[in-house]
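Biologist: I want to learn how to read unusual backbone geometry. Can we go through it on an example?

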Amino acid sequence: MDRWKERRRIVPSQGAALAVFEYGPDPAPGIPTLLLVHGYPDDHRVYVPLIRELAATCHVIAYDTRNAGSSSVTGGHGSFVLQALVDDLYAVLAATQASPVHLVGHDWGSIQAWAAVQDPRAAGRISRFTSVSGPDLRHFSWWMRQGVRHPRGWAQLLGQLRRSLYVAFFQIPLLPEAFWRFFLTGWYERAAGRTVGNDPIRGLALYRANFHIERQPPLPVSIPVHVVVPVKDPFLSPRLIDGLENWVSKLTVTKVNAGHWWPETHTSDFATLLQQEHDNDGDIDRVKTG
């Protein structure tokens, strides 16, 4: 059987039609299922090299979020709020009858995955979560408030605010679209080695719909969570993991000497890490850095 062969379907969600792709063997006892959620400005193809390495032994599901790729939306601005993205994720789980899954998120895929694992629907549906370069927005807000309150954290806070300036830039009407159309898209496609089409412009709605500050505290997360921290990430401070252990009871933190797109630039390392997580199930009550 050709484990790489792609199976595609369209999954309806509220205000969206999601392109969902499956690879590898069918779900069965002893066959782990991974759900991969991409970030901005990508679609599921950012994971293609990783899928090729995993599909021999894992059932892999990936999808284009409602901001990207072959997925489409029927709603307006509000259709991109975080809760809609979480509902999409659960629509994919329901349509593929995948349970429980190892959830893997990068960038905005990780942001929505953090919200998904704090959703009541996670019980019995998500068995573990691996996060790369995408914070829990509730934890991010808590971390920012802690930085304001304690002078020792001001330097870290100012550093993250500087890294996040692009988010404010994305709020400006029309100008970000022009920059992507005339300058950034070509640069990004050359760096990534693949086309992204109109995904960067479509995905600006993510930032504009979720610019508000989340003030609710994070909810407890009891499943194993592995946070991979690329220490050369220009967008996120490595210190954003501080305090996560207050909410996540089974937390592993791994620091890697790489940039924001580590899942794509170090595919074999990422595949090995994910496979080791399944091999080491049961040895998870720890906080680890390395």
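Modeller: Take aspartate 107 in this predicted model. Aspartate 107 is buried, at 8% relative accessible area. The residue sits in the loop between strand 6 and helix 3 (108-117).

Biologist: What is the phi of aspartate 107?

Modeller: First the general idea. Most residues other than glycine have a negative phi. Here aspartate 107 has a positive phi, near 60 degrees.

Biologist: Leucine 174 also has a positive phi, about 70 degrees, and is not a glycine. Is leucine 174 buried or exposed?

Modeller: Exposed, with 67% relative accessibility. Leucine 174 belongs to the loop between helix 6 and helix 7.

Biologist: Now peptide bonds. Which bond ahead of proline 41 is cis?

Modeller: In general, most peptide bonds are trans. The bond from tyrosine 40 to proline 41 is cis, with omega near 0 degrees. Proline 41 is in the loop between strand 3 (33-37) and helix 1 (48-54). The bond from serine 99 to proline 100 is cis too, with omega near -10 degrees. Look for proline 100 between helix 2 (82-96) and strand 6 (101-106).

Biologist: Where is the kink in helix 7 centred?

Modeller: On leucine 184, with a kink of about 55 degrees. Helix 7 covers residues 175-192. Its buried residues include Trp180, Thr185 and Tyr188.

Biologist: What covers the buried residues of helix 7?

Modeller: The cover includes helix 6 (165-169), helix 8 (199-202) and helix 9 (204-209).

Biologist: Which residue follows helix 7?

Modeller: Glycine 193, with a positive phi near 75 degrees.

Notes
Residues are numbered from 1 along each chain as its sequence is written. This is a predicted model: local features need pLDDT of at least 70, side-chain atom pairs count only at pLDDT 80 or more; totals for chains, interfaces and linings use all residues. Side-chain values use heavy atoms; hydrogens and water are left out. The bend at a residue is the angle between axes fitted to the seven residues ending there and the seven starting there. Helices (H or I, at least four residues) and strands (E, at least two) are DSSP runs, numbered from the N terminus. Buried means under 20% relative accessible area, exposed over 50%, partly exposed in between (1.4 Å probe, protein chains only). Contact means heavy atoms within 4.5 Å.
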